[in-house]
Amino acid sequence: MTSDGTSDALISEPDGTPLPADWSVLRLGPQPSIKAVNDPGHTLLASGKAWPGLFAFSSTERIAEVQGLKPRLSVWAESLTTLHQAWLLVGGNPNNRIALTLFVDLVRAISAPDMPGVRATPRLDVVWERAVRPAPDGTGSVPDDRPGSQGHCGIDGLCKGTKAQKGKLRELLAESVPPNGLVVLADDQIVAFLSKPSD
């Protein structure tokens, strides 16, 4: 057990190893843009619910997908990474105010159903993935060893299926967020996160 109360178990599992089924993971994302007044996220946020846009790939992940790679959606094991650490690790952006809790066993139950001429997708998975950050010289990436980085993992399988099925997978992920599983970080929390280094 580390000094901040998180577990130091399982931090050396190989890339792609499934997380324990009874664990939970944390996903961070931005609020819907005030300019996108028709974004359904506004209505869902008002009712305390997640929306599919919170599970969209980052710009880097989208580039990888276009290049034929199979990126995973970045999440953090809550037993290894605190909310403060995760927020800093994803860039410390004040716009990232939405924190979601997802249960691994519920994520693994998600599959996009059959559609005309297309079979159902395989179920999603949550697996270990080594955290990386941009290299200091701007070429490629290097392992990220900042506090909490050992909890990095990824949701695998969001690249499979048709465009419609990929959208359905994100919709089902949003629906899997449990009641009270969505937190909006307040201004004072953001200030506190910015004012002190990670534990």
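This is a walk through a predicted model, from its overall layout to a few individual residues.

Let us start with the whole chain. The protein has 199 residues, and 39% of them count as buried. Its secondary structure amounts to 6 helices and 8 strands. If you follow the sequence from start to end, these elements come in the pattern β-α-α-β-α-β-α-β-β-β-β-α-β-α. The contacts also tell you something about how the chain is put together: among those between residues at least 6 apart in sequence, 73% join residues at least 24 apart.

The sheet is a good place to look next. Here 6 strands form an open sheet, with antiparallel pairing and the order 4-7-2-1-3-8. Strand 4 (125-128) and strand 8 (182-184) stand at the edges; each has a single partner strand, so one side of each is left without a neighbour in the sheet. From one strand to the next, the twist averages 35 degrees. As a general reminder, strands of a sheet pair through backbone hydrogen bonds, in either a parallel or an antiparallel way.

Now move inward to strand 1, which covers residues 24-29 and has 6 of its 6 residues buried. Which residues of strand 1 lie on each of its two faces? Ser24, Leu26 and Leu28 are on one side, Val25, Arg27 and Gly29 are on the other, and all of them are buried. On one flank, strand 1 pairs with strand 3 in the antiparallel sense, over 6 bridges. Two residue pairs help you find this register on screen: Leu26 stands opposite Thr101 in strand 3, and Leu28 has Ala99 of strand 3 as its bridge partner.

Strand 1 is also joined to strand 2 (residues 73-77), again antiparallel, by 2 bridges. In this pairing, Leu26 is the bridge partner of Trp76, while Val25 has Ala77 as its partner in strand 2. Leu26 is therefore a handy landmark, because it sits on a covered face of strand 1 and has bridge partners in strand 3 and in strand 2.

Strand 2 can be read in a similar way. It is mostly covered, with 5 of its 5 residues buried. Leu73, Val75 and Ala77 lie on one side and Ser74 and Trp76 on the other, and all of these are buried. Strand 2 goes on to pair with strand 7 in the antiparallel sense, over 4 bridges. One marker for that pairing is Leu73, whose bridge partner in strand 7 is Ile155.

With the strands in place, turn to helix 5 (residues 163-176). Its 14 residues reach 20 Å from the first C-alpha to the last, close to the 20 Å expected at 1.5 Å a residue. The buried residues of this helix are Gln165, Leu169, Arg170, Leu173, Ala174 and Ser176. What do they pack against? They pack against strand 3 (98-103), helix 4 (104-107) and strand 7, two of these being strands we have already met in the sheet.

A loop residue deserves a stop as well. Ser149 is located in the loop between strand 6 (141-143) and strand 7 (152-156). Is Ser149 buried or exposed? At 10% relative accessibility, Ser149 counts as buried, because the cut-off is under 20%. The side chain of Ser149 reaches the backbone oxygen of Arg146 at 2.8 Å. Leaving aside residues up to four places away in sequence, Ser149 touches Trp76, Leu89, Ala131 and Asp144. Trp76 brings us back to strand 2, where it is one of the buried residues.

Two cysteines are worth a glance too. Cys153 is buried, with a relative accessible area of 0%, and Cys159 is also counted as buried, at 9%. A search of the whole structure for disulfides finds 0.

Finally, here is a residue in another setting. Pro40 is found in helix 1 (residues 40-46). With a relative accessible area of 58%, Pro40 is exposed, because the cut-off for that class is over 50%. The C-alpha atoms of Pro40 and Gly53 are separated by 9.3 Å, and these residues are 13 apart along the chain.

Note on methods: Residues are numbered from 1 along each chain as its sequence is written. This is a predicted model: local features need pLDDT of at least 70, side-chain atom pairs count only at pLDDT 80 or more; totals for chains, interfaces and linings use all residues. Side-chain values use heavy atoms; hydrogens and water are left out. A disulfide is a pair of cysteine sulfur atoms within 2.5 Å. Buried means under 20% relative accessible area, exposed over 50%, partly exposed in between (1.4 Å probe, protein chains only). A polar contact is a pair of N or O atoms within 3.5 Å; within protein, one must be able to donate a hydrogen and the other to accept it, and residues adjacent in sequence count only if both atoms are side-chain atoms. Contact means heavy atoms within 4.5 Å. The expected span of a helix is 1.5 Å times one less than its number of residues. Two strands pair if DSSP finds at least two bridges between them. Axes are lines fitted to C-alpha atoms, for helices over the stretch in contact, and angles run from 0 to 180 degrees between N-to-C directions.
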